[in-house]
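Colleague: Could you take me through this model and tell me what stands behind each label you use?

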Amino acid sequence: MDIPKDRLYTKEHEWARIEGNTAYVGITDYAQASLGDITFIGLPKVGDDVKQAEFSATVESVKAASDVYAPLSGKVTAINKELAAHPEFVNKSPYDKGYFFTIEISASGEKASLMDEAAYKSYVEGLSK
Amino acid sequence: MSYVPHTQEEIKAMLKTIGISSVEDLFGDIPRGLRAGSFDLPTGSSEFEVTRRLKKLAAKNATGLVNFVGGGFYDHFIPAALDALVSRSEFYTAYTPYQPECSQGWLQAIYEYQTIICELTGLDVSNASLYDGGTALYEAAMMAVRHTGRNKIIVDSGVNLIYRTMLYSYTSNLSVEFVEIPVVHGQSSRDGLAKHLDDKTAAVIMQNPNFFGAVDDHTDVVERVHKFGALAIASVYPVSLGMLKSPGEMGFDIATGEGQSLGIPLSFGGPYLGFMAARQELVRQMPGRIVGATVDMDGKRGFVLTLQTREQHIRREKATSNICSNEALCALRAAIFVALVGREGLKELAENNYRNAEFAKDTLAKVSGLEVKRSSPTFNEFTVLLPKPANEVVYRMIEKGFAAGFPLGKFYKGMDNYLLVAVTEKRTKEEIRKFSDSLEAVL
């Protein structure tokens, strides 16, 4: 299970990688492996406001359609347009080519409620027990 | 499967096995007041008695009238080959025939239906069909609401009132706002549209030909709609597309319509056929199912349900629509109908409708007191102004053997003296002349 150190995680298996006031958002390796082959990603629009722990995107796989919650609140500044033609990027490269969107962080204090790599790792291990 | 009900002995044996004394005991948990009482059914009748009774009731319908009624549903010829093919048990008795390993024939038929709808409408993708023209239009409106994230919908009042009523009732508990643009001289009003079109508009809905029969080129309307980031939806009459500019050519994003005119008999209550086609980028918002072509592990061409994710299987509460089904047998009729008449045949069919209607216009124009409205070009349906209420005239014409048309006062205020007359390829010159003579006598 790949869990990079350079980002923060939610219990719903989203990640946020922070660059200044921008956060890249995606789903974790654990999430993509649980969903199976991903067939479609319904992304928000640039300019949409997303709120921490609230609906921001939909992932559809051969098994299920699942909501993706925003790890942090903010305004969507860009979406990963590649995913429309290549939903498999989320399976193959969940932390890089398979990112979902970027936001301009509006409440940086929210970061405190997210898990770091070590905390998320033990959280995921707890799930499989 | 046997449909013979259980015998008294079988019922007794089953009751004994589960340890209760009567069928009534099975419903013991339901308070008596909520249980069904006696259904008070008469004793059974023999097959002969039932047939005689039903025939007597059926004879009350006036089925032999020469038909000039349209209003969204049209009296077209249906070739005998169509019924013969559709009644094959492989098609007729199959239930949810979508398993690719055993339903290649059915899946191919639906794929061909979708291809036909795409070619007729000039759009990229068609679904496997919907219930009828009205539900298809409602689904299109909701696609636009989801796609744009807006909730205002502008509807031209030339859209069939049945469809408008369905739009309003389906959305009565959703936060969708409708604005109706009144038609001017039977045509969609560009000024009316400009007044209401804004950046809160999700969609603009037009019908072509509109309810008064008027044919329009909505290219300019669509351009304006797109400037505001809204979607343009067209409700169309498929037979007319044999000669008219398609919704795709006009730039529309979604086209829907009633497919009854493609080989489905007129009947009170259906089943009819809703069709829907859209641009590729809207495919994920489409309700229902889509059949696609693919290759199997040996590289042979085959057909599968490509898109069914909006339904119960995967998306469940996230589904885009409650539509989990389609009108497979009616869609098959449409596909066979178009295949039977062919590309050139469909053009000829449309042209014959148009020519017959023009002949009827010229003939009726000679009836004293009757005015044929000619403010717009029409396809096979047009409006006439009568010197007395159209409703009255229709009743008098039934006595003469004609279903004379649709009295527009039923749907539009202040139009009591207007009659909507449809003339399909089935109407002969002789019928049209007699129709005209009878009108002359009645007025």
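**How the labels are earned**

Modeller: Gladly. His185(B) is found in the loop between strand S4 (177-181) and helix H8 (190-196) of chain B. Those element names are DSSP runs numbered from the N terminus: H or I over at least four residues for a helix, E over at least two for a strand. This is a predicted model, where local features need pLDDT of at least 70 and side-chain atom pairs count only at pLDDT 80 or more, while totals for chains, interfaces and linings use all residues. Residues are numbered from 1 along each chain as its sequence is written, with chains lettered from A and ligands numbered from 1 in the order in which they are written.

Colleague: Is His185(B) buried or exposed, and how do you know?

Modeller: A residue is buried if 20 or more other C-beta atoms, placed from the backbone, lie within 10 Å of its own, exposed if 12 or fewer, and partly exposed in between. His185(B) has 10 such atoms within 10 Å, so it is exposed. His13(A) has 24 C-beta neighbours inside 10 Å and therefore counts as buried.

Colleague: What makes the backbone of these two histidines worth a remark?

Modeller: Most residues other than glycine have a negative phi. His185(B) has a positive phi of about 50°, and His13(A) has one of about 70°. His13(A) sits in the loop between strand S1 (8-9) and strand S2 (14-19) of chain A.

Colleague: Which residues does the cis peptide bond with an omega of about -10° join?

Modeller: Asn208(B) and Pro209(B). Pro209(B) belongs to the loop between strand S5 (201-208) and helix H9 (219-227) of chain B. Another cis bond links Gly270(B) to Pro271(B), with omega about 10°. Most peptide bonds are trans.

Colleague: Why does the size of chain A agree with a compact globule?

Modeller: The rule is 2.2 Å times the number of residues to the power 0.38, and the radius of gyration is taken over C-alpha atoms. For 129 residues that gives a value near 14 Å, and chain A has 13 Å, which agrees. The C-alpha trace spans about 35 × 35 × 20 Å along its principal axes, and 38% of the residues of chain A count as buried.

Colleague: What makes S4, S6 and S7 of chain A an open sheet, and which are its edges?

Modeller: Two strands pair if DSSP finds at least two bridges between them. S4(A) and strand S6 (residues 55-61) share four bridges in the antiparallel sense; Ile41(A), for one, has Val59(A) as its bridge partner. The order is S4-S6-S7, with antiparallel pairing. S4 (38-42) and S7 (65-69) are the edge strands, since by the pairing rule each pairs on one side only. Neighbouring strands are turned by 25° on average, direction ignored, with axes fitted to C-alpha atoms and angles running from 0 to 180 degrees between N-to-C directions (for helices, over the stretch in contact).

Colleague: Why is a set of residues called a nonpolar core?

Modeller: The name means buried Ala, Val, Leu, Ile, Met, Phe, Trp, Tyr and Cys residues joined through C-beta atoms within 7 Å. The largest core has 114 residues, and Ala141(B), Val204(B) and Ile233(B) touch the most other members. Helix H11 (residues 328-364) of chain B gives the most, with 16 residues. Apart from this core lies another of 29 residues, among them Ala16(A), Ala70(A), Leu83(A) and Phe89(A).
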